[in-house]
Amino acid sequence: MFPIYDVIVVGAGHAGCEAAAAAANLGSKTLLVTMNMQTIAQMSCNPAMGGIAKGQIVREIDAMGGYSGIVTDLSTIQFRMLNRSKGPAMWSPRAQNDRMLFHLKWREMLENTPNLDFYQDMVNGLLVKEGRCYGIITGMGHQIQAKSVVLTNGTFLNGIVHIGEKNFGGGRIAEKAATGITEQLVSLGFESDRLKTGTPPRVDGRSLDYSKMEEQPGDSEHVGFSYLDTEKPGKQRSCWITYTNQKVHDILKTGFDRSPMFAGRIDGVGPRYCPSIEDKINRFAERDRHQLFVEPEGWNTVEIYLNGFSTSLPEETQYEALRSIPGFENARMFRPGYAIEYDFFPPTQLKYSLETKLINNLFFAGQINGTTGYEEAACQGLMAGINAHQKAMEKEALILKRSDAYIGVLIDDLISKGTQEPYRMFTSRAEFRTLLRQDNADIRLTEISYNLGLASQERMDKVIDKKSSVEQIKKILKEMSVEPAEINGWFEQIGSSPITEKQKAEKILLRPSVELTDMATTLPKLKDALSLFTDDAIEQAAIQVKYDVYIEKERELVNRMSQLEELEIPETFDYKKIGSLGNEAREKLSRIRPRTLGQASRISGINPSDIQILMVFMGR
């Protein structure tokens with residue numbers, strides 16, 4: 001019934017979809033297995049993509065030929081570029097999406113991907129022989145063989161849903177949990193643990209009074225995520241802001257004795273940076289209110305997502321508290337919030353390629369590795385799909401370094417440090433964030449992916465054109481002279497000191513208060529010179545000129561750090577024989593088995609003297 005596949009992907013969430021698309025587009029005969037074809041790329045929680053650091057990840061996925069950026073653009077109902085008031089390293093695109101349209105566009109793109117088959121069934125076992133995974137076993141009893149298998153099980157592995165004192169098995173509300181895989185992997189020597197996440201109640205938007213809330217419209221300039229020319233909506237839907245109050249907090253506290261978190265019924269650790277509302281009240285008792293975002297779920301639905309009100313309290317407590325929020329006095333609830341607890345596998349058990357160390361040809365991506373968030377899952381899926389294909393074709397794995405991409409930072413963090421709580425990406429996690437901006441992901445990554453065979457010729461041509469345009473714009477700025485009479489009137493308007501002799505446009509652009517587009521409006525000759533170029537190229541050139549000193553300093557730091565990254569540690573290196581290493585260092589190095597001295601230096605508990613000892617023993 002089934003052929004032997006090159007790659008099988010288990011699970012069709014964000015990680016699974018990107019993994020299947022990447023493997024298939026690279027030429028692998030790929031099978032995507034999901035328990036429900038109607039929930040492919042389901043936005044289980046917030047119907048939004050991007051945000052701080054997450055937006056950079058989506059642009060990186062897009063630059064490499066993944067689908068998340070395209071699908072996001074095609075289903076956006078509101079777009080905002082966050083942190084515009086800060087430097088470009090902090091700019092982060094974010095989109096509010098139509099939940100149903102997002103799923104439909106993802107499915108449409110996958111169905112139009114050559115080499116990709118689908119099958120609806122639960123996977124409850126793996127075919128493993130002599131330390132190698134060669135396929136899957138489904139709930140219907142099918143044994144389907146493949147050269148590589150990617151597990152992207154999300155929150156479904158032995159998932160338990162909690163609402164107050166009620167709990168029941170499920171990977172999402174009204175969807176059954178997946179069983180069998182955890183037990184088999186543990187029997188093969190894997191370590192597993194439990195995490196938890198949660199989601200807010202969904203509300204009927206017709207029952208809300210928006211006059212009591214603060215409107216939050218989208219940006220007038222809709223940049224989007226994809227570097228391709230995706231279609232953007234001509235209009236946008238507003239979100240709204242409201243706040244909890246002391247009355248809301250007091251009502252919520254009445255349900256604490258029946259809270260599964262406080263009563264000890266949940267073993268898993270929850271996300272630190274997306275806590276439940278009861279967690280916020282408990283941890284930040286001094287605060288008398290918390291901000292809530294009222295977000296529409298799509299173009300043609302009245303369903304509302306209440307961002308910031310994630311909870312697993314009893315349903316009646318949730319309902320009473322909701323009705324004390326300004327604007328929610330007559331709120332009708334579509335469904336209560338809930339917590340979900342699930343199995344994950346500490347990611348220190350993985351190689352950089354996301355292949356497991358214990359079983360060859362088996363890859364993990366997404367929440368199975370302890371991450372939280374669609375974007376974190378999707379980028380792991382992309383890399384696991386690429387490397388599952390590479391392994392199936394007996395080719396070298398693609399590994400992105402910390403200086404290449406946020407994707408590289410995320411994977412290195414996971415396998416070097418592990419995680420005891422759901423891992424979320426932040427700009428602060430990246431030491432080279434001036435280089436890893438959302439505006440230059442295509443320049444950083446498209447050529448790497450194109451050489452691999454994933455990014456299209458169209459993408460590569462766009463990058464070549466962009467680079468050429470940026471250099472031409474920089475040349476114009478370097479050569480164009482500006483007379484005091486041409487610019488001093490504008491300087492006076494913006495509160496910048498006048499010039500007394502002519503200066504190059506490049507030097508004027510270095511002033512903190514000067515933006516290239518505004519300067520071009522003031523100088524007709526500059527406006528004419530820039531009229532031949534795209535907004536994207538103009539912005540890129542301006543950033544490169546204004547931040548050149550910082551970019552160069554960071555590149556020098558990368559070069560210095562790369563010396564450690566190039567010192568590879570033999571796979572058979574025996575740390576236990578090095579008596580001068582402390583017990584903790586020996587234990588962690590033996591367990592994680594870092595690939596390079598650079599990775600070893602980032603393992604929690606490893607100090608500089610340990611690295612110096614290793615260098616001596618390696619003859620460095």
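**Reading strands, cysteines, a cavity and ring pairs**

Modeller: In the hairpin formed by strand 8 and strand 9, four residues lie between the strands, and Gly 141 there takes a positive phi near 90 degrees. Keep in mind that this is a predicted model.

Biologist: How many bridges join strand 8 to strand 9, and do the two run parallel or antiparallel?

Modeller: Strand 8, residues 132-138, runs antiparallel to strand 9, and three bridges join them. One position to look at is Gly 135, which stands opposite Gln 145 in strand 9.

Biologist: Which strand pairs with strand 9 over five bridges?

Modeller: That is strand 1, residues 5-10, which pairs with strand 9, residues 143-151, in the parallel sense. Val 10 has Leu 151 of strand 9 as its bridge partner.

Biologist: In what sense do strand 9 and strand 20 pair?

Modeller: Strand 20, residues 362-364, and strand 9 are parallel, with three bridges between them. Here Val 149 is matched with Leu 362 of strand 20.

Biologist: Turning to the cysteines, how many disulfides are there?

Modeller: The test is whether two cysteine sulfur atoms lie within 2.5 Å. By that rule the count is zero disulfides.

Biologist: Why is there no bond between Cys 17 and Cys 379?

Modeller: The closest cysteine sulfur to that of Cys 17 is in Cys 379, and because the distance is 15 Å, the two are too far apart for a bond.

Biologist: Is Cys 17 buried or exposed?

Modeller: Buried means under 20% relative accessible area. Cys 17 has a relative accessible area of 0%, so Cys 17 is buried. The value for Cys 133 is also 0%, and Cys 133 is therefore buried.

Biologist: Next, enclosed space. How many cavities of 30 Å³ or more does the count give?

Modeller: The count comes to one cavity of 30 Å³ or more. The largest cavity holds about 50 Å³ of space.

Biologist: Which elements give two or more residues to the lining of the largest cavity?

Modeller: They are helix 9 (374-392) and helix 10 (406-417). Helix 10 gives the largest share, three residues. Among the residues that line this cavity are Tyr 352, Met 383, Asn 387, Leu 398 and Ile 411.

Biologist: How does the lining divide into nonpolar, polar and charged residues?

Modeller: Seven of the lining residues are nonpolar, two are polar and none is charged.

Biologist: Last, the aromatic rings. How many aromatic pairs does the count give?

Modeller: There are 10 aromatic pairs. For Tyr 67 and Trp 106, the ring centres are 5.7 Å apart and the planes are at 45 degrees, so this pair is tilted. Tyr 67 sits in the loop between helix 2 (54-63) and helix 3 (68-74), whereas Trp 106 is in helix 4 (residues 99-111), and the pair links distant parts of the chain, 39 residues apart. Both Tyr 67 and Trp 106 are buried.

Biologist: What are the ring distance and plane angle for Phe 190 and Phe 364?

Modeller: Their ring centres are 5.8 Å apart with planes at 40 degrees, so the pair is tilted. Because Phe 190 lies in the loop between helix 5 (181-187) and strand 12 (193-199) while Phe 364 is in strand 20, the pair ties together parts that are 174 residues apart in sequence.

Biologist: Are Phe 190 and Phe 364 buried or exposed?

Modeller: Phe 190 counts as buried at 4% relative accessibility, and Phe 364 counts as buried at 1%. Phe 190, Phe 345 and Phe 364 form one aromatic cluster.

Definitions and conventions. Residues numbered from 1 in each chain as written. Predicted model: local features only at pLDDT ≥ 70, side-chain atom pairs only at ≥ 80, totals over all residues. Heavy atoms only, no water. Pairing = 2+ DSSP bridges. Buried < 20%, exposed > 50% of the residue type's maximum accessible area, 1.4 Å probe, protein only. 1 Å grid on protein atoms, 1.4 Å probe; cavity = no way out; pocket = protein on both sides within 12 Å on 5 of 7 lines; lining within 4 Å. Points joined across faces, edges and corners; volume = space filled by probe spheres on them. Nonpolar A, V, L, I, M, F, W, Y, C, P; charged D, E, K, R; others polar. Phe/Tyr/Trp six-rings, centres within 6.5 Å; stacked < 30°, edge-to-face > 60°.
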